[in-house]
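Hi,

Here is the structure I said I would pass on to you. Have a look at it first, and then read my notes below.

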Amino acid sequence: MSSPEITRHVTFLLATRKQGVIVSMDRQLNIIPKKKWPLSKIGWMVLLVLYAYGIYLIEPFKIHRERLAASDIGGSAYSYGLAPKPDQFEDAVVQVYAARTWGAKKVLAVHTWIATKGKGADHYQVSQIIGWALNRNGTALFSEAGIPDKSWYGNEPTLLLDLRGQDAELVVDKVEAAISKYPYADTYTVWPGPNSNTFIAWLGLEVPELGLDLPSTAIGKDWRPWNETFGWSPSGSGVQASVYGLLGLTAGFHEGVEVNVLGLSLELDLFDFALELPAVGRVGTAPVDVDLVFSSSESEAAGR
């Protein structure tokens with residue numbers, strides 16, 4: 001570049017300094033003024049939730065980790081004492097459990113399963129949907145004799161439904177028949193569904209006598225096929241509109257009022273005086289009085 005050209009170039013740069021394009025030849029790094037992007041506390045919380053949710057979406061690519069987990073379907077052989085022992089309790093039992101799932105997903109979600117025992121049976125039948133079983137067995141539905149109230153990948157189970165005696169006897173055959181008819185056993189999608197929570201919610205629809213109310217952390221419970229966007233709520237006590245489990249609204253006696261956005265649910269249980277929050281779960285009265293369950297189990301054992 002010749003001397004006249006350099007002179008014209010410098011003159012142009014100095015002329016544009018008022019527009020904030022460049023301050024001087026000695027400070028060319030300040031070409032564009034810096035802008036501040038303040039984030040409120042709410043903004044940081046939203047980013048944190050989105051980050052955790054992103055991990056949840058990525059987790060399916062790590063599905064092989066499930067195969068490396070402990071035997072006995074990810075649970076220990078230890079009973080938490082929430083289910084009556086079959087050799088000490090002759091009557092029928094139907095129970096639904098939830099526990100935080102494995103890996104990073106447990107920040108947001110739980111895994112749910114159901115246990116049934118007919119009158120006089122000497123064991124429980126534990127039924128659930130397991131993603132990796134689909135590739136191995138051609139079906140994601142896993143149903144076998146087992147311990148109903150064991151942990152799930154080291155996470156303690158929560159009892160969501162507890163029917164015993166006459167109450168359980170009225171529905172146990174219906175539940176076991178519905179399990180064998182589950183229509184989505186040959187497909188599995190961790191998000192938005194169908195997954196393990198979709199299975200339990202579907203059972204609630206098939207057997208409304210259960211009065212089933214799954215927690216807000218049971219991501220996938222609101223999944224519905226495109227052609228079934230409108231229908232009854234999983235408890236059978238209300239109605240639901242859900243667009244493939246991504247956006248929905250539920251209102252029912254057992255569910256209360258629930259809003260679902262991208263699988264994350266906010267629920268107000270008007271009759272149970274409880275609040276269900278995304279990731280956090282239930283705040284307020286527990287779905288089942290565990291103290292009463294333990295007391296009942298002790299009485300059954302003592303009466304044997």
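**Where to be careful**

Let me start with residues 56–72, where the pLDDT stays under 50. For that stretch the model has 25 contacts beyond four places in sequence. I should say right away that this is a predicted model, so please read everything below with that in mind. Averaged over the protein, the pLDDT is 81, and 72% of the residues score at least 70. Among the elements, helix α3 (residues 64–67) has the lowest mean pLDDT, at 40, while β2 has the highest, at 98. Residues 18–31 are another stretch to watch: the pLDDT there is below 50, and the model shows 14 contacts for these residues beyond near neighbours in sequence.

**The five-stranded sheet**

Now to the first of the sheets. It is an open one made of 5 strands, in the order β4-β3-β2-β1-β5, with antiparallel pairing. At its edges are β4 (141–145) and β5 (158–164), each of which pairs on one side only. From one strand to the next, the twist averages 15 degrees.

If you want to look at one pairing in detail, try strand β2 (residues 110–117) and strand β3 (residues 125–129): they run antiparallel and are joined by 3 bridges. Which residue in β3 is the bridge partner of Thr-116? That would be Gln-125.

**Two helices on that sheet**

Helix α6 (residues 172–180) packs on this sheet and touches β1 (93–100), β2, β3 and β4. Its direction makes about 125 degrees with that of β2. Helix α7 (residues 196–206) lies across β1, β2, β3 and β4 too, but runs at about 45 degrees to β2.

The helices also pack against each other: the axes of α6 and α7 are 10 Å apart, and the angle is about 130 degrees. An angle over 145 would count as roughly antiparallel and one of 65 to 115 as roughly perpendicular, so α6 and α7 are oblique to each other. The crossing of α6 past α7 is right-handed. On the α6 side the contact is made by Val-175, Ala-178 and Ile-179, and on the α7 side by Phe-199, Trp-202, Leu-203 and Glu-206. Sorted by class, the contact has 6 nonpolar residues, no polar ones and 1 charged one.

Do look at the loop between α6 and α7 as well, which holds both Pro-192 and Pro-194. Trp-191 and Pro-192 are joined by a cis peptide bond, with omega at about 0 degrees. Another cis peptide bond links Gly-193 to Pro-194, and there omega is about 5 degrees.

**The seven-stranded sheet**

Further along the chain, 7 strands form an open sheet in the order β6-β7-β8-β9-β10-β11-β12, again with antiparallel pairing. Its edge strands are β6 (230–232) and β12 (281–284), and each pairs on one side only. Neighbouring strands here are turned by 15 degrees against each other on average, direction ignored.

Within this sheet, β9 and β10 pair in the antiparallel sense over 5 bridges. One place to see this is Glu-258, whose bridge partner in β10 is Glu-267. The loop between β9 (256–261) and β10 (264–269) contains Leu-262. What is the phi of Leu-262? It is near 55 degrees, a positive value in a residue other than glycine.

Cheers

Definitions and conventions
Residues numbered from 1 in each chain as written. Predicted model: local features only at pLDDT ≥ 70, side-chain atom pairs only at ≥ 80, totals over all residues. Heavy atoms only, no water. Pairing = 2+ DSSP bridges. Helix = DSSP H or I, 4+ residues; strand = E, 2+ residues; numbered from the N terminus. Axes fitted to C-alpha atoms, helices over the stretch in contact; angles between N-to-C directions. Contact = heavy atoms within 4.5 Å. Parallel < 35°, antiparallel > 145°, perpendicular 65-115°, else oblique. Left-handed = near helix turned anticlockwise from the far one by under 90°. Nonpolar A, V, L, I, M, F, W, Y, C, P; charged D, E, K, R; others polar. pLDDT = per-residue confidence, 0-100.
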